[in-house]
Amino acid sequence: MKIPLSWLRDYVDLDETIEELTSVLDDLGLVVEGVEVVGEGLEDVIVARVDEIRAIEGADRVRLVIVDAGAGPLEIVCGAMNFAVGNHVPLAPVGAVLPGGFEIAQRKMRGVTSNGMLCSARELRLSDDHEGLYVLDEVIEPVVGQPLLEALGMTCDVVFDISIEGNRPDAWSVRGVARDLATRLGRTLRDPVLAAPDDTAASATYAGAGIDDPDLCGRLTVSVLRDVVVRPSPAHLARRLTMAGMRPISNVVDASNLVMLELGQPTHPYDAAHVAQRTLRARRARVGETLTTLDDVERELAQPGRGLGDTGEDCVIVDGDDRVLGLAGIMGGAASEISLRTTDVLLEAAFFDPMSIARSSKRHGLRSEASNRFERGVDPALALVAVARFVALLRESNPEVRWMADPLDVSGNVPEPPTVSLRVGDLERALGVDVAGDEVRRILEGLQFRVSGEGSWLITAPSARLDVRSGAAGRADVIEEIARLYGYSRLPRRTPTWPEPGALSDRQRIRRRLRDTVVDLGVHESWTPTLGSDADFDVLSPGGARVRVTNPLASEESVLRSSMLVGLVRAWGKNAERGLGDVVLGEIGNVFIHPDVAAAPRHTRGGAGGAVSLALPQENERLTMVLGREGDDAHTAVATWAALATRLGIHDVVVRSSDDVIAGLHPTRTARLVERGTNRLVGYVGEIDSRLFEVLTTGAPRRLGVLDVDLDVLFEMTLDAELDQFVSVPGRYPVAIVDLAFVVPQAVHAVDLAEVLMAAADVVEDVTLFDVYRGASLPARTRSLAYNVRFSSPEKTLSESDVATAREALIAAASALGAALRS
């Protein structure tokens, strides 16, 4: 909603700067979306009369316009087409600087020199209209050569673009915003200038009014205005309307719009000559009725909508012949609109049921400034005040208008303002601050609440506050208003506390750490279906025992997976078909093991025939990764596990060769991950079985690495909590490197020997396996393991004797495992 500062100052004294006012409005919940300074840069613009219009040879889009601005004819090249000879338009002469810093210079176009620019309202930042020139004859009686600001009766003004929340119907007006400012700043709110009826004849002798459906129309007032002369509004009123974002039309229509913007009460003027029996009634629309609204669209009424509870009820205004004149609260009909021939006006000001207006507006796809206010709820008591303000504004351009006495006023169902009780303790508990009783009373009475009592108050909401509820909810609404006007910035800030603040469990914490690590290693986290068919899992173990769902939605989703390999390999295959096979897929999820396969827990259930022992399936959380990049195999799978273990701080898991046959894994290129000491199985590392690859993919055969980890076991292990601990980087003194090859029994694992070598001497920095050899030259059931060993000392450069001593210590330590130095 756009509100000029000058309009606010009509109601409350405001000496604050623009920045200060913006801050106050924001703190009141009336958020300022933008601020525009209007009238700046127009000091050099003058009124010019169009004397002649000529075509320019070879130009279709521009014309030569001869204007007179009081100093003789001027030639201007102009592209607008909405004006004629005799019209008065704004002229920015050469040297003028328009809003935005745009300087006018003499220019030559199509061989013709243009000595200035004729301006649109948008170029002058007077409105958003840029369809053509700003034709001044439509809004004022212009004088040639007069400064534009003087002609329009303008001074520089500031327009606030304020976002009004839907639950603040009282703030959808200039006076509503001024009321909030006056209350916050402790200043007096002035009343609008109102007119009084000046014709002794009663309105009932000329017109009639009625309500057929009081649930749709809570109040209908009809005022009779005689001797109306339709003409342009005074310049200052037209200007005010333009700054508020609406287009001036005529003094009658403009007065209606100004009252709506100023007080929040929409009104609708009807040409009495086109209203049968000069009677207005409100009723429900009937099926089959139509209405051509002011936007020249024929609308079918009483048609049920698609919204919840929308039965198609439209409230309409009809005349004495029961002919539909307007869609109540939204838009009037074309048949009775105001025209230059209008002399008598029936002015409707009413209260309509907000929800009915909202549904009708949505159903017809028709929103207007009036419907915006009616659907939020206008003040039911405001109607005749708005009429008095309408007449006062109309008399500025039409002093001879007569307002007949005793306007017609018919009542329907009107909401009753609620009364709620409030104590000082309620405020302190809700806001955390003790607001003085005098301050509470000042705030509420400033917002026009009725307050009685001291310390324990009975508070009655004003009729304009349809958003205030009754009971405990209404008490909360009143406290919110006190807090808003007291100032949210004045309330103490506290950090909420709980007696038992929540935290991640160890399992949740490790799972998050694991997921982050997996993603850091370049794995694409995947999701594969938990449910599948027998055919899906027959590729792993044909006819194996499986956990089934008793009531599946489909037969192909009747079996709970016992492994994530099928889903991941199939997903990798789909990616490979589309040229995206160079990828690593990983998933953290649950698999389900049948009781006949795993040593599952048993559950005893009592019944009429005695206790029954039930074997339950085992639910196991796992991490499964399929490594499908070019060159991935069992070696890269082992390297991936090593990187993962390092990041997680896992030190006691080693890779062991295995003779186990694991469904879906390669029979000879698969190893176990085993916890040292307990010998618990942590998972498997290796490659996908080639037969599984052939069944689930369509591409050429290739190796796929695999890593499968039992997270239930991993979560029970002790992980290193000090992963970020700083370790000094060696390198101050030179490093000595030797290669040692040992002949070891087949049963000795390379990792075990490497750990023995690392612990054999203090100067050992690193031990790396670089070769494994099996051949006829070696004793039976042995193999050769070759290690690269780095020696260094943080204290000195190692001598040859130091290195030789350390080397002998390593050879001696290796002999404990049956390893002998290979000659």
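Me: What end-to-end C-alpha distance does helix H12 (residues 471-486) have, and which span should its 16 residues give?
Reply: The model is predicted, so local features need pLDDT of at least 70 and side-chain atom pairs pLDDT 80 or more, while totals for chains, interfaces and linings use all residues. Residues are numbered from 1 along each chain as its sequence is written, and side-chain values use heavy atoms, without hydrogens or water. H12 is a DSSP run (H or I, at least four residues; strands are E, at least two; both are numbered from the N terminus). Its expected span, 1.5 Å times one less than its number of residues, is 22 Å, which agrees with end C-alpha atoms 23 Å apart.

Me: Which elements cover the buried residues of H12?
Reply: Buried means under 20% relative accessible area (exposed is over 50%, partly exposed in between; 1.4 Å probe, protein chains only). The buried residues of H12 include Gly-474, Asp-477 and Tyr-486. The cover includes H2 (18-27), H4 (174-185), E26 (419-423), H10 (424-431), H11 (437-446) and E28 (456-460).

Me: What phi does Gly-487 take?
Reply: Gly-487 comes just after H12. Its phi is positive, at about 115°.

Me: Which residue of E32 is the bridge partner of Gly-532?
Reply: An open sheet of 3 strands has the order E30-E32-E31, with antiparallel pairing. Its edge strands, E30 (531-532) and E31 (547-548), each pair on one side only. E30 pairs with E32 (residues 559-560) over 2 bridges, and pairing requires that DSSP find at least two bridges between two strands. The partner of Gly-532 in E32 is Val-559.

Notes
Contact = heavy atoms within 4.5 Å.
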